[in-house]
Amino acid sequence: MVADIVASLKHKPGALLPVLHEIQRQFGHVPEEAVELIARGLDLPIAEVHGVISFYHYFSTSPRGRHVVEICRAESCQAMGGRELELFAKQKLGLNYSETTADQQITLEFVHCLGNCACSPSVRVGTQIYGRMSSERFEALIDELGAPALEAR
Amino acid sequence: MLEYFDPRNDIDPERDYGTAAPSTDPVPTGDLVDLVVDGAKVRVPDGTSVMRAASIAGINIPKLCATDSLEAYGSCRLCLVEIGGKAGYSASCTTLVEEGMEVSTQSDKLGRLRRNVMELYISDHPLDCLTCSANGDCELQDMAGIVGLREQRYGDGGSNHLDDMPDGSNPYFQYDPAKCIVCSRCVRACEQIQGTYALSISGRGFASRISAGQGQPFMDSDCVSCGACVQACPTATLTEKTIIATGQPDHSVITTCAYCGVGCAFKAEMKGDQVVRMVPWKGGRANRGHACIKGRFAFGYASHKDRITQPMIRQSIDLPWRNVSWDEAFEFAAGRLRSIQAEYGRDSVGGITSSRCTNEEIYLVQKMVRAAFGNNNIDNCARVCHAPTGFGLKTTLGESAGTQTFDSVEKTDVMLVIGANPTESHPVFGSRMRKRLREGTRLIVVDPRRIDLVKSPHAETAYHLKLLPGTNVALINALAHVIVDEGLEQAAFIAQRCEREAFDTWRTFIGDSRHSPEQTEQYTGVPAEDVRQAARLYATGGNAAIYYGLGVTEHSQGSTAVMGIANLAMLTGNIGREGVGVNPMRGQNNVQGACDMGSFPHELPGYRHLSGDPVRQQFEEAWGVDILPEPGYRITNMLDAAVEGSLKGMYIQGEDIAQSDPNTQHVEAALGNLECLIVQDLFLNETAKYAHVFLPGSTFLEKDGTFTNAERRISPVRKVMAPASGLQEWQVTAGLSRALGYAMDYDHPSEIMDEIAALTPAFGGVSYDRLDREGSLQWPCNEDAPDGTPIMHVEAFVRGKGFFALTEFIPTDEKVTEQFPLLLTTGRILSQYNVGAQTRRTDNVAWHSEDVLEVHAQDAQDRGIENGDLVSLSSRSGITQLHVKVSDRVQPGVVYTTFHHPETGANVITTDNSDWATNCPEYKVTAVQVGKPIGASTSEWQQKHARFSETQIALLDRQGEAQ
């Protein structure tokens, strides 16, 4: 599968980043075992692929929860109560950044700017961005994320 | 004003100028720029950095991330300077000089800036300088001193890396991240100098760390242990384990590596008479400051416990050895040789020299054979590697040597690599090739196997022509055919420089459709269209250079292939200037020299045939003896004669024919038949187990002399410690010769070189004085070429007009059959050297502890074989057993192995086939079968060999017992 992704994107200029994005999209992370396949497929040294993956916080090398919740820590969000939101989120989930809940449902991450500054503070879940986030709205959001999974059990 | 200087003479290799010169040309062609640095006027070539210009003026700007072996990086911010008219502070390493520039390297403001930068570095660095392994050789320590750092205000409470654990997985060096300042010099060295790209910076910001491979221990990564990172490291982060164990050296001596034909210059760094490390010397013109795992680290064999340092003799090979004095050994050996000659005739003894030895040693042995043995039974191991090069290039171009200097690769636009594996066998030159390939040079590889060069990081291979072993000549002819067929030849060059008649004949010959790629495809297996395109690229892609190795010479048509290669170069006018030419990649350190020194049965020094009366008389006069005008035995003839019983005595210097020569069982039969075998070596090698006299050899660290590398460069080998046996090898040869009744009176090898220079025109201008002064010289070096000759055949070919030789393809007799359906080709691996006598006695075995057989998945599947299985490998010559590596490097129908380990007996498999002109063995083509192991884990030969070896080692241990 990794080889297929590499093959489908290798013609792009600077193909490494598109490949890593696609792998993370499909697998939820970039598995360690994928690195050699990527390197071979793109004719890049293994060390270079490793260097790029480890440079971007966005890429994770270990499995993450079903939902990745990212809290913005950039200037505008901080000015609008982002720090309090961070604290609340950590408490609510019982997680530090880059940690995942025991039921593998939610991973908490931070980002620097989601381009939604007018509606600070912002949170992103998957590809969906939520603005004007408060503790209450965050709690509701998390409950919503957790609910279907609980039902599914 | 400091005038622009001539870097040929004025660059000091001991200094670090911070950034490289803008061009490697001896005299740069670009414009010169005037600037002022701290009030001093400097004139430098355009493209020079401010840092380098200052350094040339004697002003050393503080720096950490810059070093002149790497491209400027601009990350450490210590080298900031003020430039008149420019706002702010510029990094002097990345700022290039401009006309009229005024630079200040010192001011209060700069001083504060630098101290602040240093303070930040030191805030995450252990302050254990006194007990640190880099104490005395640490640029961080030096810079802290130079910028005047007096305090570190950040305390030690914050985050830091001081508890990071060292990685000692590599046997030769340690990586200690706690000492790392993340200057990236190691990463850049791995990329820019070595070209392996095994290192990167992982993480970012504070988390940035050097990481090997995928964040692995160094040994598990792609690291090839060349040591470039260790050398580039400004701190103790990457340090040789010998330095950690023993401390900094107290003095150093420049010498020449004794491994491959690249001939790297090294600084042997010493403590008393102990070598603590070998560091590639920046002043070395063959290696330009780079090294490989062998030269850099694998010198421990010199003090290995297996070394034999006492002369030994025994009456017969089933008796224990007896330690004797040198004189007793000489008398015993001479007495035996003389009585053999008395009984069986003058021709019943012969000698073999080694391409591992110095020019002076080789010259003396051939002199001893001719003068004291009284025959021409002298050959050297070039017979089994590059003899076809000598013959083929002499015939076509007029000189038995490569046409180029290594630096020439930097002007090459198209590389045609045939049957060579430079990144394994000539690693330092391989790195230079890769560097050029990254700059966009097009690469054509002709090889049955996918060599590493085909997959070089950040470089492309235009064509890999995967031919079947044994079809070089067909392919080379096809390339020539296309060039002629499509009218791509350089008619003016041919008309002016080559023999008309020979060319016309050849033109008709090669134009025939039997040489067309469409026709030769049936032999080579290479698609015709690929051959056509590769030929067009070679003929029209600009400066095109051919690099070839033993994959060309070690064939039944080795000489034909070499002539075909020369034809290609002449046909396209790719000869006689930089960037082009014919480059034989010489296997051993002194193959070129061994051939130059006349250690051939038919030639006197300087490739002059014995039958020429004036030449022979010159030597007869100088040596005071009569020299036979008829050629003597080649190695193969000697072995045949020994088996048949007419040759009874041999002197073998530094060569292990029982492991390295083909058809081992034939060699063993020959050695076993001798009445007197004298072996001179460091160890009791496979050949020495058949010997009656053992004369201990000296390592390259224990003697003075010279080696001549693949670019005809004569470089000095210097004694850094006393010979363990008490005598240097040339003294041993002289001693034996004296005992034979022919005195040789030399006090020093320089006198031998003087004799060589006096008798050999190409060496006329060579002397130890000049080598000491100039570092190295490329022959011909004489009245016509006082400074030596980096590029040959510039105005005219050495033979006058170039000669197009006819190169009919005749398939080898070694054909696949139902019984032996696969083709075996043999080669080398980076970490081991030849028979491995030295490298197997170092930590290099951590990389290659046994020879394995590469088999394509399809062939493995057909035989029910899996990766790692033990298999039997059989040919018409013999059977051995070894483990399999299933690999897509080889194509279906082809298997590959190395011959570094005696237990494997790869040469039990190879056959007696050899080159039609020179008898160079056909190592590269053997029809074989691979199958399930037969009974035990080893073959019958392997068991016999193991028993014999065991007995012989026991006889060595019982030495001293009464015979």
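**Chain B: domains, a helix and two cores**

In this predicted model, the centres of domain 1 of chain B and domain 5 of chain B are separated by 53 Å, taken over C-alpha atoms.

Visitor: Which residues make up those two domains of chain B?

Guide: Domain 1 spans 7–106. Domain 5 combines 822–910 and 933–953. These bounds come from an automatic or database domain assignment. Chain B also holds domain 2 (155–300), domain 3 (312–385 + 591–705 + 719–754) and domain 4 (399–567).

Visitor: Why is helix α5 of chain B called largely enclosed?

Guide: Buried means 20 or more other C-beta atoms within 10 Å of a residue's own. In α5(B), residues 185–194, 9 of the 10 residues are buried, so the rest of the structure largely encloses this helix. Among them are B:Arg185, B:Arg188 and B:Glu191.

Visitor: What do the buried residues of α5(B) pack against?

Guide: Three strands and two helices of chain B: β7 (199–202), β8 (209–212), β9 (238–240), α6 (228–232) and α13 (427–438). After α5(B) comes B:Gly195, with a positive phi near 80 degrees.

Visitor: What makes B:Leu479 stand out in the largest nonpolar core?

Guide: That core has 203 residues, and B:Leu479 and B:Ile565 touch the most other members. Helix α14 (residues 472–485) of chain B gives the largest share, 10 residues. Beyond four places in sequence, B:Leu479 contacts B:Val531, B:Ala534, B:Ala535, B:Tyr538 and B:Leu568. Contact here requires C-beta atoms within 7 Å.

Visitor: Which residues does the second, separate core include?

Guide: Its 84 residues include B:Ile308, B:Cys381, B:Leu674 and B:Val732. A nonpolar core is joined through C-beta atoms within 7 Å.

Technical notes:
Residues are numbered from 1 along each chain as its sequence is written. Chains are lettered from A and ligands numbered from 1 in the order in which they are written. This is a predicted model: local features need pLDDT of at least 70, side-chain atom pairs count only at pLDDT 80 or more; totals for chains, interfaces and linings use all residues. A residue is buried if 20 or more other C-beta atoms lie within 10 Å of its own, exposed if 12 or fewer, and partly exposed in between; C-beta atoms are placed from the backbone. Helices (H or I, at least four residues) and strands (E, at least two) are DSSP runs, numbered from the N terminus.
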